[in-house]
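Trainee: I am new to this structure and would like a close look at one part of it. Could you walk me through one helix and its surroundings, and set that part within the whole chain?

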Amino acid sequence: MALTRLLIVLLGATLPLLLFFSRAEAGELGVSYGRVANDLPGPSSVVNLLKSNGITMVRIYDANRNVLTSLANSGIKVMVMVPNEEVAGLASSPSAALQWVRDSVAAYPSTQIHAVAVGNEVFDSRPDLNSALVPAMTNVQAALAQLNLAGAVKVTTPLAFDALDVSWPPSAGKFKDSITESVMRPMLSFLQRTGSYLSVNYYPFLTYMAQPESFTLDYVLDNSNPGVLDPDAKITYYNLLDAQRDATYYAMEKLGFSNLAVHHTEHGAPSGGHRKPGGGGHRRLLQDGGAVASVANAQAYINNLMNRVLSGNTGTPHRPGADMDVYIFALFNENNKGTGPDDVEQHFGLFYPNMQKVYDFDFQHVINGGGGGGGGQQKESWCVANAGVGDKRLKDALDYACGHGADCSAIQPDGSCFEPDTMAAHASYAFNSYYQSMNRAAGACDFNGAGSIVYDKPADTCSSAKPSWCVANAAAGDTRLQAALDYACANGADCGAIQSGGSCFQPDTKVAHASYAFNDYYQRKNRVSGACDFSGAATVVYQQPSLCAATTSWCVAKPGVGDTQLQQALDYACSHGADCNAIQAGGSCFQPDTKASHASYAFNSYYQRNARAAVACDFSGAGSIVYQQPMVGNCVLPSNG
């Protein structure tokens, strides 16, 4: 909402627009699965609860064997954690870090562990560990690399938001002096270098409960409200969350890290409870929760948050293209937290321990039960041409769109969407490119009446679009290429294959590595306009380039491995992205109906889909890489190489 209002002002003033951003992709919603309680269901029941509610991502506060075993073959991504009390030991001993990774990550090949959190809110709860934090993260990363897991598992550490010394106005955001140079700068460098992300625990709702005189409840819930102006940046914020997020981004930028992503490792609102006298902790409230900590308010806040992530309307005024990956705190109300049953600490759960919902929510669909109309309520929409206005008006509007930020290269005579060569088709393409780049601001689809917003996806007039790839411009120079490469790797590109020892590490040149990262980012963004810009360091090509000099390879079942181990590995591959339809009964590669042939097909599909990374053909010793194209019966195993 904030960006929409700002863009309408700029458009109305007919000021030249210098920067255009693509609308963010939808992020991913997960849950923080805390277990500080004595009445919770068992892990296997919890996994069924997660799956039945469409929850695809979970964070746990340790590496509990029962939990990780129950999550095996579930398709749910898992963040495990090094408890604070183990951070110092892992910082001082690479061998201890290696053993921890063996025991807590590598020991669960059928569980989709995708991240390791080293500690939790260390600055806030264990400041004595500040100096050990980055060394511990570095040792865990090195252990993952040694076990060929670094491409699939990211290392991060969740910060409490009070790691910022200044958060208002957002443009003045900065980290505390005590940690800025000693910890934050090396940490951010580590995260960028490894393609990871900063993690922050955001609690805007609790900020309001601590400072009710500073904000309106609608501003916190992300309902309609007049907004609050950042007087320095001249940007109006319409919800506290965006103000806190931008304060984080500004703080990172002050240290030279302008492209690093931020994930939300905790984000919640209490549905009840009151402040208890005494005690400490950063979540302790300065006022009685009373009517503020209510089921209705928690439902409004969480639904608006969920709607926002699911709709893809995740940008901020300062970072319009920012994604939002969010772990909602918490899965359950936890009865051993805080000081008693009336403490707000026990009322953050989405579910009661009996697995009944505390209030209605939906992890898969935007719903209107959030109690407001904030940023998350925006519906998916497109901008199309009104053919009835005539070709002249369409041409004038098309020229305006192409001259003010729309990417119109695809509708040029040699472009992938030139056909059908009609004014209405070309105008619709340009109008929609402009509209999406403006974050779907209502005024961005006017064009003096030549454009119209629609909420049903229009017919694809570009279905015969030529395939395209994104490659590096060598003339940009290594410094610019490195900066753009770091951005791609930190914002969704899978760069595991171009790490040392990876399948596409050779040729070891900046241009080759950047081309690989740029193209992976571009393809993951569905080749949308602007996803292959990188500030001029990249270009779109329509002939398939050679992005990897590695020899073409395949993954097959290793001879001598028993059927039981093959079946477990086959199940893992099929539930983690391999296309196993062809080996189902009646499928084109069902014969020969043996465990080894079915496993070879599934292993290879998984391996190819994971860019032939060496670790993607491990399967706990059940898979083997070969360099001559194999056959399974009459079925030739494909390669993406």
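Mentor: Let's begin with how the chain folds back on itself: among contacts between residues at least 6 apart in sequence, 75% join residues at least 24 apart. Please keep in mind that this is a predicted model. The protein chain has 641 residues, and 53% of them are buried. Its secondary structure comes to 18 helices and 21 strands. The accessible surface is about 26300 Å², with 50% of that belonging to carbon and sulfur atoms.

Now for the close look, which is at helix α5, residues 94-106. Which of its residues are buried? They are Ala97, Leu98, Trp100, Val101, Ser104 and Val105. These residues lie on the same side of α5, because they cover an arc of only 160° around the axis. Several elements help to cover them, including the helices α3 (65-70), α4 (84-92) and α7 (130-146). The strands β3 (77-82) and β4 (113-118) are also part of that cover.

One residue of this buried set leads us further inside. Val105 is in the largest nonpolar core, which has 117 residues, and is among the members that touch the most others. Val118, Met184, Met187, Leu188 and Leu198 share that distinction. In soluble globular proteins, nonpolar side chains tend to be buried together. Take methionine 184 as an example: leaving aside neighbours within four places in sequence, it is in contact with Phe123, Leu159, Phe175, Ile179, Leu198 and Leu255. There is also a second, separate core of 29 residues, and Val556, Ile583, Ala613 and Val632 are included in it.

Back at α5, follow the chain into the loop that leads to β4, where you will find alanine 107. Is this residue buried or partly exposed? Alanine 107 has a relative accessible area of 40%, so it counts as partly exposed. The C-alpha atom of alanine 107 is 9.1 Å from that of serine 620, although the two residues are 513 apart along the chain.

The elements around α5 have loops worth a look too. Asparagine 73 is in the loop between α3 and β3, and its phi is near 60°, a positive value in a residue other than glycine. Asparagine 73 is partly exposed, at 33% relative accessibility. Past α7, in the loop that runs to β5 (154-156), sits asparagine 148. Asparagine 148 is not a glycine, yet it has a positive phi of about 60°. Its relative accessibility is 47%, so asparagine 148 is partly exposed as well.

Further along, you can find two cis peptide bonds. One runs from tryptophan 168 to proline 169, with omega near -5°, and proline 169 is in the loop between β7 (164-166) and β8 (174-175). Another runs from phenylalanine 329 to alanine 330, with omega near 10°, and alanine 330 is in the loop between β13 (326-329) and β14 (382-385).

To finish, here is a pair of helices to set beside α5. Helix α17 (residues 563-575) packs against helix α18 (residues 595-609) at an angle of about 35°, and their axes are 9 Å apart. The crossing of α17 past α18 is left-handed. Among the residues that meet there are Leu566, Leu570 and Ala573 in α17, with Ala599, Ala602 and Phe603 in α18.

Conventions. Residues numbered from 1 in each chain as written. Predicted model: local features only at pLDDT ≥ 70, side-chain atom pairs only at ≥ 80, totals over all residues. Heavy atoms only, no water. Helix = DSSP H or I, 4+ residues; strand = E, 2+ residues; numbered from the N terminus. Buried < 20%, exposed > 50% of the residue type's maximum accessible area, 1.4 Å probe, protein only. Contact = heavy atoms within 4.5 Å. Areas by Shrake-Rupley, 256 points an atom, 1.4 Å probe, with all protein chains shown as cover. Core = buried A, V, L, I, M, F, W, Y, C linked by side-chain atoms within 4.5 Å. Arc of directions from axis to C-beta. Axes fitted to C-alpha atoms, helices over the stretch in contact; angles between N-to-C directions. Left-handed = near helix turned anticlockwise from the far one by under 90°.
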